[in-house]
Amino acid sequence: LKNVVLSFSDCGNLRDVGVAALGRGLRALASLTTLKLEFASCYSIKQCELIGPDAGLGVLPSLSTVALNFRDCRHLGNLGLARLGPELGTIASLTTVKLNFQGCLLVSDAGACALGQGFAALTSLTAVELNFEGCESLGRVGVAALGRGLRVLPSLTTIDLDLPTNSYHSKGRQEVIELVMQMAPDLRPSEETNASAESEPPRRRLLWIWNFLQPSAAMARRGGAQAPERAEWWL
């Protein structure tokens with residue numbers, strides 16, 4: 001078995017002990033390459049036991065893609081991310097990570113710092129997708145910590161960030177762009193690149209996606225009325 005896709009969305013009685021048992025079962029799949037799990041609105045989940053020490057998914061030699069959706073898991077907070085970050089860092093074969101913490105109100109800078117430390121160990125990582133929309137306690141400290149973890153990765157080509165709509169909107173677009181440039185100072189906006197493709201070697205693309213939406217607009221976006229703002233940068 002190489003691919004596992006499971007949805008436990010809206011299973012309000014699913015608790016950490018059940019998620020940990022699932023992880024222990026998954027680590028027996030030596031050929032597993034892709035793991036996609038939906039835990040949206042699983043209100044009883046408090047810790048990310050799926051990849052905790054008891055599960056030990058780091059033993060899987062071929063696991064390249066992990067996508068975990070914890071949207072609206074309102075009891076999942078920094079303690080869960082403090083377990084998830086280091087354990088993700090043990091899965092050396094990972095090339096793609098997608099984590100959705102939208103609406104996880106207890107997630108703040110401390111949790112993001114733990115994730116950043118875990119990412120720094122994933123030297124094979126090429127793509128990261130992180131959704132923190134609605135995590136209004138997440139600020140510059142946490143975002144900068146994520147950046148420090150990601151900027152050292154030699155193979156990383158794509159980062160998709162969905163940030164909360166708290167201070168980022170009020171402080172303006174330019175301040176967030178400056179923060180991104182601190183994460184990856186060797187990047188420049190694609191519109192500033194005027195040289196022809198024939199005169200330059202192939203370049204890797206790094207895509208950043210930010211949201212600068214007021215709360216009312218964010219509600220509209222959930223209904224598909226508005227797409228996230230997009231900016232492209234080139235190495």
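**Entry 1. Whole chain.** I began with the contacts in the protein between residues at least 6 apart in sequence, and found that 84% of them join residues at least 24 apart. I note here that the model is predicted. I then looked up the secondary structure and recorded seven helices and nine strands. For burial, I found that 49% of the 235 residues count as buried. The accessible surface came to about 10700 Å². Carbon and sulfur atoms hold 52% of that surface.

**Entry 2. Second largest pocket.** I next asked how much space lies in the second largest pocket. The computed value is about 170 Å³. I listed its lining residues as K36, L37, E38, A67, L68, N69, K98, L99, N100, E129 and N131. I then asked which elements give two or more residues to this lining. They are strand 2 (34-38), strand 3 (65-69), strand 4 (96-100) and strand 5 (127-131). Sorted by class, the lining has four nonpolar, three polar and four charged residues.

**Entry 3. T65.** I turned to strand 3, where T65 is found. Is T65 buried or exposed? I recorded a relative accessibility of 16% for T65, and the residue counts as buried because this value is under the 20% cut-off. I then looked up the contacts of T65, leaving aside neighbours within four places in sequence. The residues in contact with T65 are T33, T34, L35, L94 and T96. Of the pocket-lining elements, strand 2 spans residues 34-38 and strand 4 spans 96-100, and I therefore place T34 and L35 in strand 2 and T96 in strand 4.

**Entry 4. Helix 2.** I examined helix 2, which covers residues 78-88. Its buried residues are G80, L81, L84, G85, E87 and L88. I kept in mind that an α-helix has 3.6 residues a turn, so residues three or four places apart point the same way. I then asked what the buried residues of helix 2 pack against. The partners are strand 3, strand 4 and helix 3 (109-119). Strand 3 and strand 4 had already appeared in my notes as elements of the pocket lining.

**Entry 5. D162.** I closed with D162, which I located in strand 6 (residues 158-162). Its relative accessible area is 7%, so D162 is buried under the 20% limit. I also looked up the separation of D162 and L130. In sequence they are 32 residues apart, whereas from C-alpha to C-alpha the distance is 6.2 Å.

How values were computed:
Residues numbered from 1 in each chain as written. Predicted model: local features only at pLDDT ≥ 70, side-chain atom pairs only at ≥ 80, totals over all residues. Heavy atoms only, no water. 1 Å grid on protein atoms, 1.4 Å probe; cavity = no way out; pocket = protein on both sides within 12 Å on 5 of 7 lines; lining within 4 Å. Points joined across faces, edges and corners; volume = space filled by probe spheres on them. Helix = DSSP H or I, 4+ residues; strand = E, 2+ residues; numbered from the N terminus. Nonpolar A, V, L, I, M, F, W, Y, C, P; charged D, E, K, R; others polar. Buried < 20%, exposed > 50% of the residue type's maximum accessible area, 1.4 Å probe, protein only. Contact = heavy atoms within 4.5 Å. Areas by Shrake-Rupley, 256 points an atom, 1.4 Å probe, with all protein chains shown as cover.
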